[in-house]
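Work through the following exercises with the sequence and the structure at hand. Each task is followed by a solution in steps.

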Amino acid sequence: MPEGDTILQAARRLHEALAGKVLTRSDLRVPKFATADLTGRAVLDVTARGKHLLTRVEGGLTLHSHLRMDGSWKVFTNDQRWTGGPDHQIRAILGTRDRTAVGYRLPVLELLRTADEEQAVGHLGPDLLGPDWDSEQALANLLTDPDRALGEALLDQRNLAGIGNVYKCELCFLLGVTPWLPAGVLPADRAAKLPALAKKLLEANRERPNRNTTGRRGQDLFVYGRARRPCLRCGTRIRLADQGDGSRERPTYWCPTCQTGPAPAPGSPPTRRLHPRTLP
C-alpha cells in the first residue's frame, strides 16, 4: 500500500531512470492530456511530496501523479517485458533512450506548470520525509479538531503528509490508543511524542523493500493485516473494523487489550454504537 516511504522510493527509482535524460517517448492516457507531447524535453527531477509524485521536465512543466491504493510506476529497460499489469491499465509512458517508466492504474495524473505545483500539493501539511517537516506544526494540525477520531486525523494529509492506513494502525498501537479515540483526548505525554514516533517509523522504512514497525524478523507489523491473530505483546486476538469519514471506509486493526479508547462494539456497524474505554 503506497504511503510516504514507498512514494519516496518510487521517486528515487524514477529520478535515477529519467533525470538528466531527454524523453524519446511520451504517452499520457487520460482524456484531458492525451494530446500532450513531452518528447524532446529533458527530465529535470522527480520529487516526492507526501504521497504525491512530481516529475519536472524542461519548459516549466510538471507531471503530477498520485497512486492512492492501487497505482504504481514501473521502470523497465528497453529489452524488458512490461509486467505491471494489462495494457488497458496503463495511464502514462515516459521513455528515454535506455529506460521506460510506465504508470499503471494512476487515479490522478495531470500536467501543470511547475510554477503552479502548489495547486496540487499546497494543501499538504508538513511532510514526514521532506525538508519542510515541522513536528510542532504537525501536532497543532492534528489537534485542530479535538473531537475528530485520531485515525482519521492521521490520514488527513492536510495535517501531516505521508501517513496511510498501515502507519495509522501501527502508530495508534504504539501510542496505546484506539484509532477511534478523539484526538483531543490523547494524553499530553503521548501527543507530544506522536510526531517524532511517526517520523521514526517512516524514516526507518524509507530504504526497506518490506515495511517493518516491530524490529522483529518475520513479524513485520504489530496489528495491520493481523485480524484474529494473537497480539505480539499480550496474546489477545487482533480485531478488525472499518473506519472512515464517510468518503471511504478503511480496514482498521487494533488490540482491544493494549489499546484503550472507543472502539466499535463487536457485531455492530463501526460508525455506530461506539463503546468507550478508560485511558490509564
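**Exercise 1.** Determine which residues of H5 meet which residues of H6, and classify the contact.

Step 1. Tyr167, Leu171, Leu174 and Leu175 of H5 meet Arg190, Lys193, Leu194, Leu197, Ala198, Leu201, Leu202 and Asn205 of H6, where contact means heavy atoms within 4.5 Å. Helices (H or I, at least four residues) and strands (E, at least two) are DSSP runs, numbered from the N terminus.

Step 2. By class, this contact of H5 with H6 comprises 9 nonpolar, 1 polar and 2 charged residues. Ala, Val, Leu, Ile, Met, Phe, Trp, Tyr, Cys and Pro count as nonpolar, Asp, Glu, Lys and Arg as charged, and the others, Gly among them, as polar.

Step 3. The model is predicted: local features need pLDDT of at least 70, side-chain atom pairs count only at pLDDT 80 or more, and totals for chains, interfaces and linings use all residues. Residues are numbered from 1 along each chain as its sequence is written, and side-chain values use heavy atoms, with hydrogens and water left out.

**Exercise 2.** Describe the crossing geometry of H5 and H6.

Step 1. The axes of H5 (residues 165-175) and H6 come within 10 Å and cross at roughly 130°. Axes are lines fitted to C-alpha atoms, for helices over the stretch in contact, and angles run from 0 to 180 degrees between N-to-C directions.

Step 2. H5 is therefore oblique to H6; angles under 35 degrees count as roughly parallel, over 145 as roughly antiparallel, 65 to 115 as roughly perpendicular and the rest as oblique.

Step 3. The crossing of H5 and H6 is right-handed. A crossing is left-handed if the near helix is turned anticlockwise from the far one by less than a right angle, and right-handed if clockwise.

**Exercise 3.** Repeat the analysis for H3 and H6.

Step 1. H3 (residues 135-142) and H6 (residues 188-205) have axes that come within 9 Å and cross at roughly 125°. This makes H3 oblique to H6.

Step 2. H3 and H6 form a right-handed crossing.

Step 3. On the H3 side, Ser135, Leu139 and Leu142 take part; they meet Ala191, Ala192, Leu194 and Pro195 in H6. The contact of H3 with H6 has 6 nonpolar residues, 1 polar residue and no charged ones.

**Exercise 4.** How many residues of H5 are buried, and what do they pack against?

Step 1. Of the 11 residues of H5, 11 are buried, so H5 is largely enclosed by the rest of the structure. Buried means under 20% relative accessible area, exposed over 50%, partly exposed in between (1.4 Å probe, protein chains only).

Step 2. The buried residues include Lys168 and Glu170 as well as Cys169, Cys172 and Phe173.

Step 3. Their partners are helix H1 (4-18), helix H4 (150-155), H6, strand E9 (239-244) and strand E10 (249-254).

Step 4. Just after H5, Gly176 has a positive phi of about 75°.

**Exercise 5.** Place Arg68 and Arg105, and give the phi and accessibility of each.

Step 1. As background, most residues other than glycine have a negative phi.

Step 2. Arg68, not a glycine, has a positive phi of about 50°. Arg68 lies in the loop between strand E4 (61-66) and strand E5 (72-77), and at 45% relative accessibility it is partly exposed.

Step 3. Arg105, also not a glycine, has a positive phi of about 55°. Its loop runs between strand E7 (99-104) and strand E8 (108-113), and with a relative accessible area of 27% Arg105 is partly exposed.

**Exercise 6.** Why is Cys234 not bonded to Cys255?

Step 1. A disulfide is a pair of cysteine sulfur atoms within 2.5 Å.

Step 2. The closest cysteine sulfur to that of Cys234 belongs to Cys255 and is 3.6 Å away, so it is too far for a bond. Cys258 is in no disulfide either; the nearest cysteine sulfur, in Cys234, is 3.7 Å away.

Step 3. The count by this rule is 0 disulfides.

Step 4. Cys234 is partly exposed at 36% relative accessibility, and Cys258 is partly exposed at 22%.

**Exercise 7.** Where is Arg158, and which residues does Arg158 touch?

Step 1. Arg158 is in the loop between H4 and H5 and counts as exposed at 52% relative accessibility.

Step 2. Not counting residues up to four places away in sequence, Arg158 touches His123, Leu124, Gly125, Asn141 and Arg148.
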